[in-house]
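Okay, thanks for making time, everyone. Let me put the structure up on the screen, and then I'll walk you through a few helices, a hairpin and some charged pairs.

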Amino acid sequence: MNDSSPAHADAVVLDVWCELQCPDCRTALDDVRALRARYGDRLELRLRHFPLEKHKHSFAAAQAAEEALAQGQGWPYVEAVLGRVEELDRGGEPFLVEVASELGLDAEEFDTALIDGRHILIVDADQAEGKAIGVTGTPTYVIGGERLDGGKSQEGLRERIEEIADRLLDAGEQG
């Protein structure tokens, strides 16, 4: 999912492999917000879906995030769902539609999108690409060709992402 076209043509891309039913991804939101605040449009954040089998609503949540993107509220929706992981565990698809409604999105269209599966191919493609590059858990970050796994520990990850981003941005400004 990418709802931010970079204002800078030379923006650094950070792929965030995430799952919306993952408590570790909720924790990682603070890092994502801090990176967004520090870099603004010089860092293009791309949410990539990696639903895990152990979370039964994660695949539907990924599809719902794509519908939110289609309706212009990708990241706000992702943050709203991640902030309430326990409710997603209990409520499933009706909860996903409820969050859409709370954000002023077309809840009926959300419901239809979850039924007709219009976003399944995007989610499948993300998951396949993630597996191909060695993603095994969430959150996982890819920046400048480096994969950083936050599934076991997020300790020091934001600092490492900042080091790589700073290096890439410096190289871009000199090149």
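**Charged pairs, a helix and a hairpin**

So, let's start with Glu-87, which has a relative accessibility of 29% and therefore counts as partly exposed. Its salt-bridge partner is Arg-84, with the closest N and O atoms 3.0 Å apart. Just keep in mind that this is a predicted model.

How many salt bridges does the structure hold? The count is 20. One to look at is Glu-86 with Arg-26, where the side chains meet at 3.0 Å, N to O. That pair ties together distant parts of the chain: Glu-86 sits in helix α4, residues 85-102, and Arg-26 sits in helix α1, with their positions 60 residues apart in numbering. As for accessibility, Glu-86 comes out at 38%, so we call Glu-86 partly exposed. Arg-26 has 26%, so Arg-26 is partly exposed too.

Next pair: Glu-67 and Arg-118, a salt bridge at 3.7 Å, N to O. Here again distant parts of the chain are linked, with Glu-67 in helix α2 (residues 58-70) and Arg-118 in the loop between α5 (107-116) and α6 (120-132), 51 residues apart. Is Glu-67 buried or exposed? Buried: its relative accessibility is 4%, and the cut-off for buried is under 20%. Arg-118, on the other hand, is partly exposed at 36%. And there's a network as well: salt bridges with shared partners join Asp-15, Arg-46, Arg-48, Asp-126 and Glu-129.

Okay, back to α1, the helix that Arg-26 belongs to. α1 covers residues 23-39, so to speak 17 residues, and spans 25 Å from first C-alpha to last, close to the expected 24 Å. Where does α1 bend? At Leu-29, by about 30 degrees. The buried residues in α1 are Cys-25, Ala-28, Leu-29, Asp-31, Val-32, Leu-35 and Tyr-39. For the spacing in that list, remember that an α-helix has 3.6 residues a turn, so residues three or four places apart point the same way. Right after α1 comes Gly-40, with a positive phi near 55 degrees.

Last stop, the hairpin. Strand β3, residues 140-143, pairs with strand β4, residues 146-149, in the antiparallel sense, over 4 bridges. If you want one contact to click on, Thr-140 has Asp-149 as its bridge partner in β4. There are 2 residues between the strands, and Gly-144 in the turn has a positive phi of about 55 degrees.

That's my tour; happy to go back to any of it.

Technical notes:
Residues numbered from 1 in each chain as written. Predicted model: local features only at pLDDT ≥ 70, side-chain atom pairs only at ≥ 80, totals over all residues. Heavy atoms only, no water. Pairing = 2+ DSSP bridges. Expected span 1.5 Å × (residues − 1). Bend = angle between axes of the 7 residues up to and from the residue. Buried < 20%, exposed > 50% of the residue type's maximum accessible area, 1.4 Å probe, protein only. Salt bridge = Lys/Arg side-chain N within 4 Å of Asp/Glu carboxyl O.
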